[in-house]
Structure formats: structure tokens, C-alpha cells
Amino acid sequence: MLSAQQLALSRGGRELFGGLSFDICPGQLVQIEGANGAGKTSLLRILAGLSRYGFEGRVERHAPLLYLGHQPAVKAMLTPRENLAWHVAGEADFGAAAIDAALARVGLYGYEDVPSHALSAGQHRRVSLARLYLSNSPLWLLDEPFTAIDVDGVAALEERKAAHVAAGGAVVFTSHQPMRGNYNVRRLCLRRGLL
Ligand SMILES: Nc1ncnc2c1ncn2[C@@H]1O[C@H](COP(=O)(O)OP(=O)(O)OP(=O)(O)O)[C@@H](O)[C@H]1O
């Protein structure tokens with residue numbers, strides 16, 4: 001689905017990673033490891049094609065991808081329904097009923113029409129995570145998707161990711177926490193590659 005070859009990135013005169021090569025294949029659940037400032041978000045943005053310059057190496061993407069960034073892409077003045085409608089605009093598979101179902105799956109039933117600025121941090125994140133139920137993209141790149149999510153929400157998100165890879169998708173994600181469930185997670189070390 002994705003091939004990274006000889007990726008190297010320096011910031012402020014400091015090398016974050018270099019000579020990083022790996023392939024992401026169907027069925028893989030991959031956690032990018034690293035301390036604060038190690039370069040996880042930077043790598044994910046490179047993989048997503050959002051950083052086109054300033055790094056060395058090459059990324060080949062062979063599958064459509066869904067990228068959820070570190071900050072939820074949720075417009076404060078729009079409701080959850082409106083935010084998701086904006087994200088799936090033009091995708092025939094995901095109409096109003098699918099959006100409401102996705103919001104219910106992430107625990108936002110009853111909050112569909114509340115302006116997003118009136119939601120809590122975790123609810124805000126959940127609006128973003130609802131996109132995991134509104135995507136046909138096989139490759140998911142998720143930057144700290146568990147941030148601000150409660151215990152039940154984390155379990156649901158883990159199950160969603162596992163179901164996606166079981167169905168032949170792939171998920172690459174950053175997190176400072178190991179997954180709680182018993183899942184087959186591969187580790188991507190910025191210094192050593194895919195372990
Ligand atoms: N636009 C930028 N310009 C200059 N330096 C940057 C920029 N973005 C990030 N950096 C630096 O690059 C380094 C890696 O940042 P990055 O956000 O990728 O780390 P991270 O591993 O995701 O960290 P965290 O776990 O804290 O989220 C940091 O030292 C950061 O200061």
C-alpha cells in the first residue's frame with residue numbers, strides 16, 4: 001500500500017531520522033514509536049504527502065488513504081453533522097443516514113446538531129474519529145487518535161482499527177500508549193525502521 005525509501009529528516013540542524021525504509025502492507029497495524037519531539041508527526045505527514053519538501057527520500061503510495069491529524073479537523077462553528085457532511089462531500093456511499101450512524105458509533109448520538117465549539121475535547125476528537133466509519137480508504141494514517149478519549153472510547157477505537165486491518169486494510173498510527181487489547185501491532189522505530 002505504501003513504500004518508504006531512505007527517508008531522512010532534520011529539524012533545526014538535528015537529524016530526527018535517516019535511512020528509514022519500510023513497506024506498509026494490507027493487514028498491518030503499525031505503531032510509530034518515539035519520545036516527544038522524535039519526529040512521529042513529521043513522519044506521518046510525509047507518508048500522507050502533506051510535507052512535500054524539506055526531507056530526503058521517497059514515498060510511493062499505492063492506495064487511497066485517510067489521514068487524521070494531531071489536531072481534529074473539526075470546524076468549531078459547524079455541528080458534527082455539518083463537519084462530517086463537509087468531509088464526505090461528493091462520496092455517494094456516505095449520506096445523511098451514514099453520518100448519523102457514524103456519530104452514534106462514536107458516542108455522539110444526541111449531539112449531532114450541537115455547534116462543535118460547545119463540545120468537550122474528547123467529543124471534539126470523536127467527531128474526527130467518526131470519519132473512520134465514513135471511509136473506503138484502505139490505508140489509514142492516524143496521528144495520536146486516542147488523545148482525550150475515555151477508556152470505553154479507546155476500546156472502541158482499538159476494535160475499529162483491528163476490524164479495518166482484518167478486512168485487508170492497514171493502519172499506521174502514533175500513540176504514546178501501547179494498545180490495550182491483544183492485537184498484533186508492529187512497531188515502527190524512527191531509528192530502526194519496522195520491527
Ligand atoms: N514546522 C516546523 N518547523 C521547525 N521545526 C519543526 C516544525 N515542526 C516540527 N518541528 C520540530 O521537529 C521535531 C519533531 O516534531 P514532531 O511534531 O514530528 O514530533 P513528535 O514525535 O510527533 O512529538 P510529540 O510526541 O510531542 O507529538 C520537534 O523538535 C519540533 O520542534
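Which residue is the bridge partner of L2 in β4? In this predicted model, that partner is R61. The pair belongs to a set of six bridges that join β1 to strand β4, residues 55-61. The two strands run antiparallel.

Strand β1 also pairs with strand β2, which covers residues 14-24. Seven bridges connect β1 and β2, again in the antiparallel sense. A4 stands opposite F22 of β2 in this pairing. The two strands form a hairpin, with two residues between them. G12 sits in the turn and has a positive phi of about 55 degrees.

A8 lies in β1, a strand that spans residues 2-11. The residue is partly exposed, because 13 other C-beta atoms lie within 10 Å. Leaving aside residues up to four places away in sequence, A8 touches F17, G18 and G19. A8 also touches F55, E56 and G57. T79 is 71 residues from A8 along the chain, and their C-alpha atoms are separated by 40 Å.

Strand β3 comprises residues 29-33 and is mostly covered. Four of its five residues are buried. β3 pairs with two further strands. Four bridges link β3 to β7, residues 170-174, and the strands run parallel. Four bridges also link β3 to β8, residues 186-189, in the parallel sense. Q31 takes part in both pairings: Q31 stands opposite F173 in β7, and its bridge partner in β8 is R187.

Helix α1 runs from residue 40 to residue 48. Seven of its nine residues are buried, so the helix is largely enclosed by the rest of the structure. The buried set consists of K40, S42, L43, L44, I46, L47 and A48. Just after the helix, G49 adopts a positive phi of about 85 degrees.

The ligand is surrounded by R11, G12, L16, G34, N36, G37, A38, G39, K40, T41 and S42. Helix α1 supplies the largest share of this shell, with three residues. K40 and S42 belong to the shell and are also among the buried residues of α1. G12, from the hairpin turn, likewise appears around the ligand. By class, the shell holds two nonpolar, seven polar and two charged residues.

At the level of the whole chain, two domains are assigned. Domain 1 takes residues 1-64 and 138-195, and domain 2 takes residues 72-136. Their C-alpha centres lie 23 Å apart. Eight residues of domain 1 and seven residues of domain 2 make up the contact. On the domain 1 side, the touching residues are four nonpolar, two polar and two charged.

The UniProt record, an unreviewed entry, places the feature "domain: ABC transporter" at residues 2-195. Over residues 2-195 the chain is 27% helix and 27% strand. The end C-alpha atoms of that stretch are 16 Å apart.

Methods. Residues are numbered from 1 along each chain as its sequence is written. This is a predicted model: local features need pLDDT of at least 70, side-chain atom pairs count only at pLDDT 80 or more; totals for chains, interfaces and linings use all residues. A residue is near a molecule or strand if its C-beta atom, placed from the backbone, lies within 6 Å of it. Ala, Val, Leu, Ile, Met, Phe, Trp, Tyr, Cys and Pro count as nonpolar, Asp, Glu, Lys and Arg as charged, and the others, Gly among them, as polar. Domain bounds come from an automatic or database domain assignment. Two residues are in contact if their C-beta atoms, placed from the backbone, lie within 7 Å. A residue is buried if 20 or more other C-beta atoms lie within 10 Å of its own, exposed if 12 or fewer, and partly exposed in between; C-beta atoms are placed from the backbone. Two strands pair if DSSP finds at least two bridges between them. UniProt positions are given in the numbering used here, feature names are shortened, and annotations may be inferred rather than shown by experiment.
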